[in-house]
Amino acid sequence: MNRSRLRDHGIAIGTLPTGPHNAITDVAGVLVGHATVMYDQPRVARTGVTMIVPREGAVWRDRVFGGFYSFNGNGEMTGLPWLAESGMIDAPIGISNTHAVGVVRDTIVAHAIDHGQIGGFLLPIVAETYDGWLSDIDAFHIKPEHAYAALASARHGPVDEGNVGGGTGMICHGFKGGIGTSSRVVTTTRGAYTLGALVQANYGARHDLRVDGVPVGRAIGVDVVPARTQLPAPMPPSNAGSIIVVIATDAPLLPVQCQRLARRATTGLARVGGVGYNGSGDIFLAFATGNHLPQSETLIDLQMLPHEQMDDLFVATADAVEEAILNALCAAETMTGQHGRTVHALPLDLLRQVVGQYSRGFE
């Protein structure tokens, strides 16, 4: 199947322009790397690690302001108590599967020690979603070398999406899910700023799925494309799952403003059909590189975009999160995992057909 991105099918979310790669890496200095782990023996692996690296790796010494929001808390993101206390992020951000959070977190700490980046302690941020339907999650496939590989592969430019990195074994709205990204450029009276979002999408019921407002999940129901092929164990509830969202911007924001951006990820998720079901871990992180925060004993000069100038950043967040989720769905390919279980990709020909039919109805 020829997989592609949402805009390749004539569907654009919102009216704000995207950055050159329509990715979180359009924010200057933000790098993304993946390590994908797939094999069938001795136990089935469909998993991986994704790393988001602010400031081209200089974040160890030049921290960024950040904030978070937990829409529904049946999930994990380490380091949040210190982020809430300090408002600062000082390490790369990892995303993997539920049983790999510890090893990815520890590897980030070890990497910092190995490279002389810390003199005391480190509380990195690592998030997860559950890939245990396709991958034998209890085999603990993720090792330190995979987290190191994701860090080493972090790059500027286009970001691989779908069945890659931490998103390898994920399921979204009953279709194959995974990693997706998108960006927007916002012009304020203080200048132009770029905002990008990256998601690990592993949530949602089929009937809730909407694409640019069109109820695609109802039109392409489980009678058309099965949600999952069940062998031999029973399927989990169709709405079980989680989503991690990471938002980056080069705007000069303070921690409370990063928190405000993180909350707006909820709007983008809701547009696609995210409800925040009881079994979902929907945790959102935002960071801003517009201020430099070196480790210093002297006063640090800061800038702050006025709150009144943030409305377009709120719009950009909602649009970028919405499109990032849809890019994950468009890029992901049908996958067969443990016990012969199969999760099908969103059929892009039917996507174009359904959205086109609704669009013609408004002509």
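A pocket, as the word is used in these legends, is an open set of grid points with protein on both sides within 12 Å along at least five of seven lines, and in this predicted model about 210 Å³ of space lies in the second largest pocket.

**Figure 1. The second largest pocket and its lining.** The residues that line the second largest pocket are Trp-60, Arg-63, Trp-82, Ser-86, Met-88, Asp-90, Ile-118, Phe-121, Leu-122, Leu-123 and Gln-295. Sorted by class, this lining comprises seven nonpolar, two polar and two charged residues.

**Figure 2. The largest cavity.** Two cavities of 30 Å³ or more are found when the whole structure is searched, and the largest of them has a volume of about 60 Å³. Its lining is made up of Gly-79, Trp-82, Leu-83, Met-88, Ile-89, Asp-90, Ala-91, Pro-92, Leu-123, Pro-124 and Ile-125, with at least two residues supplied by each of α1 (80–86) and β4 (88–89). Nine of these lining residues are classed as nonpolar, one as polar and one as charged. Trp-82, Met-88, Asp-90 and Leu-123, which appear here in the lining of the largest cavity, are also among the residues that line the second largest pocket.

**Figure 3. The second largest cavity.** The second largest cavity holds about 40 Å³ of space and is lined by ten residues, of which Tyr-203, Val-275, Gly-276, Ser-280 and Asp-282 lie nearest its centre. The lining of this cavity has four nonpolar, five polar and one charged residues.

**Figure 4. The four-stranded sheet and helix α2.** Strands β1, β2, β5 and β6 form, in the order β1-β2-β5-β6, an open sheet with mixed pairing. The edge strands, each of which pairs on one side only, are β1 (31–39) and β6 (125–129), and neighbouring strands of this sheet are turned against each other by 15° on average, direction ignored. Within the sheet, β2 (residues 45–53) and β5 (residues 93–97) run antiparallel and are joined by three bridges; Thr-50 has Ile-95 in β5 as its bridge partner. Helix α2 (residues 101–114) packs on this sheet and touches β2, β5 and β6, while its direction makes about 155° with that of β6.

**Figure 5. The six-stranded sheet with helices α5 and α6.** A second open sheet, also of mixed pairing, is formed by six strands in the order β4-β3-β12-β11-β10-β9, and its edge strands, β4 and β9 (178–188), each pair on one side only. Strand β11 (residues 242–249) runs parallel to β12 (residues 281–294), the two being joined by seven bridges, and Val-245 stands opposite Phe-284 in β12. Helix α5 (residues 255–272) lies across β3 (62–73), β10 (191–202), β11 and β12, at about 40° to β3. Helix α6 (residues 311–331), in turn, lies across β9, β10 and β11, and runs at about 155° to β9.

**Figure 6. The whole chain, for orientation.** Seven helices and 14 strands are found in the chain, whose C-alpha trace spans about 65 × 55 × 35 Å along its principal axes. The radius of gyration is 19 Å, which agrees with the value near 21 Å that a compact globule of 363 residues would have.

Terms used
Residues numbered from 1 in each chain as written. Predicted model: local features only at pLDDT ≥ 70, side-chain atom pairs only at ≥ 80, totals over all residues. Heavy atoms only, no water. Pairing = 2+ DSSP bridges. Axes fitted to C-alpha atoms, helices over the stretch in contact; angles between N-to-C directions. Contact = heavy atoms within 4.5 Å. 1 Å grid on protein atoms, 1.4 Å probe; cavity = no way out; pocket = protein on both sides within 12 Å on 5 of 7 lines; lining within 4 Å. Points joined across faces, edges and corners; volume = space filled by probe spheres on them. Nonpolar A, V, L, I, M, F, W, Y, C, P; charged D, E, K, R; others polar. Rg over C-alpha atoms; globule rule 2.2 N^0.38 Å.
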